[in-house]
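Trainee: I am new to this structure and would love a close look at one part of it. Could you walk me through a single helix and the things around it?

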Amino acid sequence: MANLITLSRLLLLIVVIAIAYLADHPWWQLANVLLLIFVFVTDGLDGWVARRRGEASVFGAMFDIAGDRIVELSMWIVLADLDLVPVWVPIVFVIRGTIVDTIRANQVVTEGKSPFSMIRSPIGQWLVGGRFMRGFYAVLKATAFCWLLFLQPLPRLVPDIWAAWGTVLISVGNVLVYLAVLICVLRGLPVVIEFVYEQRDSLIPRPAGEERS
């Protein structure tokens with residue numbers, strides 16, 4: 001059931017993207033914000049259902065991460081294509097996501113553990129696996145996406161208000177985007193750093209019978 005919810009979220013994402021390109025239908029674009037909010041609500045719902053029904057698994061965790069990544073990267077790319085964010089923003093998320101997900105996939109295959117359980121350092125556990133940071137980061141990205149889609153039809157719906165407040169509204173969106181980029185990079189660093197140290201440690205010769213710490 002939880003995996004079906006994740007799949008339905010991805011299908012709804014396609015609808016959101018299609019409506020975002022309906023330039024001649026600003027009211028549809030405004031209603032599109034509500035659809036996107038529902039996409040993010042179901043993100044938390046699939047995890048809750050998995051725990052309630054005892055369906056939590058490594059595959060489910062990886063599928064949920066993959067679903068999150070598809071939603072995230074698709075939205076950044078679409079927003080860049082619509083000139084709502086600079087093109088370098090999705091590039092940062094694509095590079096960071098590719099590196100981190102490759103490391104996680106390798107660790108899941110070799111160690112058979114949940115992706116968020118492999119971070120060892122306290123700061124890494126707080127940034128990457130901590131419930132607060134995961135929730136804050138998810139809410140921040142969702143807010144940024146919804147805010148930018150909310151701004152999209154305003155010049156046509158309320159031109160006078162946009163003329164007076166457009167700069168301020170765009171500035172709020174920029175703050176949300178840049179903060180999301182910053183946290184994205186910060187949350188990726190512990191994964192990469194610990195992986196590099198782990199690989200370096202595995203290459204260091206050890207005396208016979210001595211175990212690695």
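Trainee: Let me start with one residue of helix H6: is Phe-136 buried, partly exposed or exposed, and what is its relative accessible area?

Mentor: Happy to help, and please keep in mind that this is a predicted model. Phe-136 is partly exposed, because its relative accessible area is 35%, which falls between the 20% and 50% cut-offs.

Let's look at the helix itself. H6 runs over residues 131–151, which makes 21 residues. From its first C-alpha to its last the helix reaches 30 Å, close to the 30 Å expected at 1.5 Å a residue.

Phe-136 has an aromatic partner. Across the whole structure, a search finds 6 aromatic pairs. One of them joins Phe-132 and Phe-136, whose rings are stacked, with 6.0 Å centre to centre and 10° between the planes. The two residues are 4 apart in helix H6, so about one helical turn separates them. In general, an α-helix has 3.6 residues a turn, so residues three or four places apart point the same way. Phe-132 is exposed, with a relative accessible area of 56%.

Further along H6 there is another pair, made by Trp-147 and Phe-150. These residues are 3 apart, again about one turn of the helix. Their ring centres are 5.8 Å apart and their planes lie at 45°, so this pair is tilted. Trp-147 is partly exposed at 23% relative accessible area, and Phe-150 is partly exposed at 30%.

Now back to Phe-132 and Phe-136, which also belong to a nonpolar patch on the surface. Other members include Ile-123, Trp-126, Leu-179, Leu-186 and Tyr-197, and the patch has about 1,000 Å² of accessible area together. Helix H5 (122–129), H6 and H8 each supply at least two of its residues. The largest share, 7 residues, comes from H8. That helix spans residues 159–203, and Leu-186 is found there; Tyr-197 lies in H8 as well. Leu-186 is partly exposed, with a relative accessibility of 36%. In space, the C-alpha of Leu-186 is 7.6 Å from that of Leu-127, although the two are 59 residues apart in sequence.

H6 has a buried side to its story too. Among its buried residues are Met-133, Tyr-137, Leu-140, Phe-145, Cys-146, Leu-148 and Leu-149. As a general point, nonpolar side chains tend to be buried together in soluble globular proteins. Here, the largest nonpolar core has 36 residues, and Leu-149 is one of those with the most contacts inside it, along with Leu-36, Met-75, Trp-76, Leu-79 and Phe-93. The elements giving two or more residues to this core are helix H1 (2–20), helix H2 (26–52), helix H3 (58–81), helix H4 (88–111), H5, H6 and H8. H6 provides the largest share of this core, with 8 residues. Phe-145, buried in H6, also joins Phe-40, Trp-76 and Phe-93 in one aromatic cluster.

Finally, follow a charged residue of H6. The side chain of Lys-141 meets that of Glu-72 in a salt bridge, at 3.4 Å from N to O. Lys-141 lies in helix H6 and Glu-72 in helix H3, so the pair ties together parts that are 69 residues apart in sequence. Both Lys-141 and Glu-72 are buried. Salt bridges that share partners join these two residues with Arg-69 and Asp-101 into one network.

In that network, Asp-101 forms a salt bridge with Arg-69, and the closest N and O atoms are 2.8 Å apart. This pair links Asp-101 in helix H4 with Arg-69 in helix H3, 32 residues apart. Asp-101 is partly exposed at 21% relative accessibility, whereas Arg-69 is buried with a relative accessible area of 12%.

To put the pieces together, H6 gives at least two residues to the surface patch, supplies the largest share of the largest nonpolar core, and carries Lys-141, which pairs with Glu-72 of H3. A good way to retrace this on screen is to begin at the stacked rings of Phe-132 and Phe-136, go on to Phe-145 in its aromatic cluster, and finish at the tilted pair of Trp-147 and Phe-150.

Terms used:
Residues are numbered from 1 along each chain as its sequence is written. This is a predicted model: local features need pLDDT of at least 70, side-chain atom pairs count only at pLDDT 80 or more; totals for chains, interfaces and linings use all residues. Side-chain values use heavy atoms; hydrogens and water are left out. The expected span of a helix is 1.5 Å times one less than its number of residues. Buried means under 20% relative accessible area, exposed over 50%, partly exposed in between (1.4 Å probe, protein chains only). Patches are made of residues with over 30% relative accessible area and no salt bridge: like charges are joined within 9 Å, nonpolar side chains (Val, Leu, Ile, Met, Phe, Trp, Tyr) within 5 Å. Accessible areas come from the Shrake-Rupley method with a 1.4 Å probe; for residues, only the protein chains shown count as cover. A salt bridge is a side-chain nitrogen of Lys or Arg within 4 Å of a carboxyl oxygen of Asp or Glu. Rings of Phe, Tyr and Trp (its six-membered ring) pair if their centres lie within 6.5 Å; planes under 30 degrees apart count as stacked, over 60 as edge-to-face and the rest as tilted. A nonpolar core is a set of buried Ala, Val, Leu, Ile, Met, Phe, Trp, Tyr and Cys residues joined through side-chain atoms within 4.5 Å.
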